[in-house]
Every structure is written in C-alpha cells, then in structure tokens.
Amino acid sequence: MANGDDFEILPEESTPPGRDSRPWLWVLVVLAIAVFAFAVGMAFSTFRSRVGNGNSDTPTPVVVAGDAIPTFTATSPATATATALGAEANATLTNAATAAAPTVAATATQPAPTLPATATPMASCAYQPAAEFVAITNAAPFGCATSEAGLVWSAWEPFERGDMLWRSDNDRAYSFFNDGTWMPINEKWDNQPLPTRGDPPPGLQAPIRGFGYAWGARDELFQRLGWATDQERGFCAFLQNFEHGFILQSSDVEFCQDNLFNQARAPEWKPLLLVVHDSGQWLNLLALPGATPPAPGPVATTATENATATTAAIPILTPTLTATPVVTARRDRPADHGIYTAPAVGERTLDANFGDWPDAWQPIGTVVQGANNYSGSQDLAGDFQVAWSRDGLYLAVRVTDDRYRSGPEGTDMWQGDSLEIHFDRALAADFDATVADADDYQIGVGFGPNLDQLLFYRWLPLDKEGALAAAGAVAATPDGYRVELLLPWSTFDVTAGELSGGQSFGFNLSISDNDADFPAQETVLSASPKRTTYNNPTEWATLVLAQ
C-alpha cells in the first residue's frame with residue numbers, strides 16, 4: 001500500500017453485516033482462566049495462553065453435548081450474557097464503569113486475586129505503555145513499548161472470513177483472519193488497474209484501492225478472506241507499538257487527518273480494540289459477545305499529538321456450572337429451500353452407471369451466481385439423487401455442461417467445473433445461526449483436466465480445511481458428465497452409531513461452471529433456491545434419512 005491518500009476519502013456510511021463470533025476462542029478462554037487462576041480478564045488470558053509460549057497453532061474446539069459447561073459472571077455492575085452450545089463457554093462479559101482494577105469475587109476454593117491497575121515500570125524501556133493498554137500488556141508478553149501512543153489515520157474493511165487494516169503511520173496494511181491469525185500485506189499499489197475476481201455474490205463486494213489490489217493479486221488472501229461485506233472506512237485509531245506487536249483502539253475524536261470524516265463516530269461503526277501479537281495471533285476484544293464499547297476516545301487534532309484515551313476496565317470473571325441442554329427435536333428448513341429424502345440402501349457399486357438409482361431425480365436448477373454468464377440449460381444443468389447407509393452418504397449427479405474446464409487442485413478447485421456439497425451436522429442445535437461454524441461442512445469435488453479423476457477438498461470448517469479421501473466414479477457423456485460418490489460419515493464427523501431413520505441434516509448441492517480459458521467461477525447452480533453465499537447454513541436445504 002504505497003500511497004497514504006489511497007484510504008482517505010470514504011464518504012459512504014452503511015452498516016456492515018455481522019461477523020463470525022469465533023466460537024473456538026471460548027475453549028481457549030476456559031483453559032486460560034483455569035491456568036492463570038482467574039488472575040486476568042478472560043480475553044487477555046486467552047491471548048496470553050496462545051502467544052506466551054510462542055505456539056501459534058489454532059486449537060480445535062471439542063464439543064460434548066450435554067456436558068456441564070462454565071458460565072462466567074463478572075463482578076462489575078453492568079453485565080451482558082452471551083450463550084453458546086457445547087464446549088463453547090457461556091460467558092457474561094462486562095466492562096467496569098471506572099478505570100479502577102476489578103477484583104475477583106472469592107469462592108470456596110479460589111481466593112480473590114486482583115488485577116494491578118498499573119504496570120511495574122521497566123527501567124530499560126524508553127517508553128511505557130499508555131494507561132489504557134496497561135492491563136493488556138500485563139496479561140500478554142508484548143515487551144517494551146517502542147513509541148508513544150497517539151492518533152493515527154487508518155482504514156478498516158470487513159470480509160466474510162476476516163478484516164483488513166491500513167495504518168498511515170507506517171503505510172502498511174494487514175489481514176486479520178477469523179481463525180485468530182493475521183499477516184502483513186506487502187503488495188504496493190501505485191494506481192495500476194486492480195486484478196478482478198469476477199462478479200461478487202449477492203450482498204457482497206470487491207474491495208477497492210490498496211485493499212483491492214492485494215486481495216485481487218494474492219489468491220491466498222482471496223481464499224482466506226472471501227468477499228468484502230462492506231466498504232472500506234477511514235477512522236482515527238489510538239495506537240501504540242511494542243517490541244512484539246501493537247495495540248489499536250478506534251477513537252471517536254472529531255478529526256485526526258485533514259478534516260476527513262472519522263467513521264468511528266458513525267452510529268453503525270463497530271468499535272475496535274485490536275491486540276496484535278507478532279506470534280501471528282490477534283483478537284478484537286470489543287467483538288467478543290457481551291463486550292461493551294469503550295468510553296469516548298482521546299481529544300486531539302493531529303496524529304502526532306500525544307493523547308490519552310479512556311477504555312473501560314477489563315472484567316475479572318468467576319465460574320459457576322450450568323448444564324447445556326441437548327437439542328433432540330427435529331427441525332427442517334422451509335419447504336421452499338428443498339427437502340430431500342435419502343432412502344436407506346445397502347452397499348452399491350460406484351461406477352457412474354445409474355441403473356441402481358430408481359428414485360426421482362431432483363433438479364439443481366437455480367442460478368445463484370453469474371446469471372450474466374448463463375445462457376440456459378444447454379450451458380449448464382443438473383439433477384441428483386441421494387441415499388444413505390452405515391458406510392456414508394451416496395450421491396448420484398448428472399450434469400449437462402457444454403464446455404468442460406477443470407479448475408486448480410486443492411483450495412482453488414471452485415475456479416473450475418466442480419461440485420459443492422454443504423452439510424449441517426447439527427441442524428436443530430444452531431438452527432438460526434447465519435454463519436457456518438464447527439458443525440457446518442463445505443466439500444468440493446473436482447475431476448481433473450481430462451474428466452477422469454476424483455479430487456475431494458474440504459473448505460469448512462476452517463480448522464479442518466484440506467484434501468479428503470472418498471470413493472466414487474466419474475464418466476464423460478456426450479453433453480456433460482455423470483458422478484457417483486460415497487462420502488464416509490467421518491467426512492462430517494458423524495459416526496454410524498449416531499444415525500437413525502427420521503434424522504434431518506442441513507444439506508445442499510451446487511454445480512460450479514467455468515467456460516473460460518483461465519480459472520474462474522462463472523456460474524453457480526444450486527439445489528436450494530435460497531442459497532446466496534457459501535457459508536450461510538440457513539440458506540441450505542434439508543436432508544432427511546428415510547427409515
């Protein structure tokens with residue numbers, strides 16, 4: 001990002017859609033609080049547990065239905081409770097009304113530790129942490145401050161699977177991913193044409209200027225971030241650099257850069273308190289469920305003026321145990337999404353010949369992306385049947401495609417002719433969740449350059465992304481191809497003993513089409529007419545296992 005003024009003029013003020021809640025963080029919260037004996041606030045304990053030992057691996061949540069899980073209650077007066085299922089901790093997060101350090105309420109087994117109000121000055125450090133950041137630096141190993149805290153003109157843009165930040169003080173951009181990792185962006189934009197990713201899905205958009213250049217040029221960024229969910233917004237950031245990262249809080253001062261509007265003053269702005277560690281880990285503490293926005297930020301007129309900000313104190317939390325209800329009632333998506341019944345079958349020969357598929361074929365016929373590239377059923381069409389056994393989920397798919405073009409292997413498989421399978425393992429448990437989580441799966445199936453291979457890839461859940469092993473067959477036809485698959489239940493982390501007739505799951509099947517001579521996703525057909533994007537389970541259909 002070479003030019004500082006690439007991020008300055010941002011006149012529009014629309015409300016960004018909600019972002020992922022990062023459910024895996026709650027597991028870390030529970031572990032961190034136990035390890036550090038409730039000595040620091042939940043969010044900081046989480047952060048320290050991940051960066052203090054230099055281990056940047058993202059742990060996998062373990063969900064055990066029906067187990068007792070902790071509910072954490074803060075001792076400060078104002079509370080807001082956020083509830084999650086499984087081992088994702090139920091948490092009550094609060095911010096104290098004063099800057100005084102909160103104290104843990106005593107329990108029968110745990111004495112009440114106190115969070116120090118100020119850090120112990122380090123004589124060897126040329127700069128000390130800003131008072132607003134002391135609690136954070138006490139809880140995570142940031143080392144010495146390397147600058148005074150001050151106001152910095154910045155830009156922020158939310159994406160499907162993360163966010164992007166630009167800072168004017170170092171003319172540097174960063175990518176923050178919903179899995180809790182981040183990386184700097186080194187691409188420099190000098191007003192050259194932006195690479196294109198084609199038409200965005202409905203309700204999403206492509207970033208522009210410096211963000212758009214890096215996002216368009218780097219496949220890794222595009223894959224990990226997805227499409228932008230709102231425009232880029234300029235804002236004033238109260239920021240301090242440290243030996244091992246930086247801390248940034250959005251500020252609602254009137255101006256900090258050439259009278260440009262500070263979007264952090266807009267009512268729809270979602271406050272930021274970023275804790276960014278050079279181990280590759282990050283958190284936005286104010287995006288955690290129940291977090292209360294901070295008090296108004298520093299009053300200053302220039303980015304170089306030493307200013308002070310006010311941040312609500314971090315709560316100390318004490319646990320009690322409550323039981324997580326086990327959701328057993330069946331729930332189906334609305335009928336107009338599609339409800340597909342899978343008959344129970346014995347072992348089948350996987351040969352892409354469909355003589356043993358006697359039931360009605362279900363259409364894959366709704367154009368959900370790339371309508372301007374679609375010329376009708378001779379261009380792309382499809383239908384399918386589905387069945388189940390104790391071995392896995394069987395699929396038979398017939399595709400009409402006037403021009404076969406394979407995509408890359410692995411994570412970019414979607415940029416060619418391929419299938420996409422969605423599966424919601426816990427449909428009733430999080431029926432209204434609009435963002436895919438640990439029980440929601442997205443599987444791709446590709447067929448190689450000569451339509452004679454089967455290549456499987458799992459994109460969701462993010463912590464399970466990678467190539468898969470499954471069985472099947474593909475055969476070319478005069479007007480397209482036929483596919484027969486057996487996806488083991490382990491693909492969806494389901495064991496055969498959990499299955500019974502009458503169960504329902506979230507499900508969808510889509511076809512991606514590319515007729516170009518370069519990798520692209522020109523058209524997507526979906527079995528569910530309601531699908532608009534890849535990671536919203538409420539838009540999928542319902543799969544019912546027949547008795």
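**Reasoning about a predicted model**

Me: In this predicted model, why is Cys 236 called buried?
Reply: Buried means under 20% relative accessible area. Cys 236 has 0% relative accessibility, so the residue counts as buried.

Me: What makes the pair Cys 236 and Cys 256 a disulfide?
Reply: The two sulfur atoms must lie within 2.5 Å. For Cys 236 and Cys 256 the S to S distance is 2.1 Å, so the pair meets the definition. Cys 236 lies in strand 8 and Cys 256 in the loop between strand 9 and strand 10, so the disulfide ties together parts that are 20 residues apart in sequence.

Me: How do you know that Cys 125 and Cys 144 form a disulfide?
Reply: Their sulfur atoms are 1.9 Å apart, and the limit is 2.5 Å, so this pair also qualifies. Cys 125 is in the loop between strand 3 and helix 3, while Cys 144 is in the loop between helix 3 and strand 4.

Me: Why is Cys 144 called buried?
Reply: The relative accessibility of Cys 144 is 13%. The cut-off is under 20%, so the term buried applies.

Me: What makes the contact between the side chain of Ser 528 and the backbone oxygen of His 337 a polar contact?
Reply: The side chain of Ser 528 reaches that oxygen at 3.4 Å. Polar contacts are pairs of N or O atoms within 3.5 Å, so the distance satisfies the limit.

Me: Why is Ser 528 called buried?
Reply: Ser 528 has a relative accessible area of 0%, and buried requires under 20%, so the residue is classed as buried.

Key. Residues are numbered from 1 along each chain as its sequence is written. This is a predicted model: local features need pLDDT of at least 70, side-chain atom pairs count only at pLDDT 80 or more; totals for chains, interfaces and linings use all residues. Side-chain values use heavy atoms; hydrogens and water are left out. Buried means under 20% relative accessible area, exposed over 50%, partly exposed in between (1.4 Å probe, protein chains only). A polar contact is a pair of N or O atoms within 3.5 Å; within protein, one must be able to donate a hydrogen and the other to accept it, and residues adjacent in sequence count only if both atoms are side-chain atoms. Helices (H or I, at least four residues) and strands (E, at least two) are DSSP runs, numbered from the N terminus.
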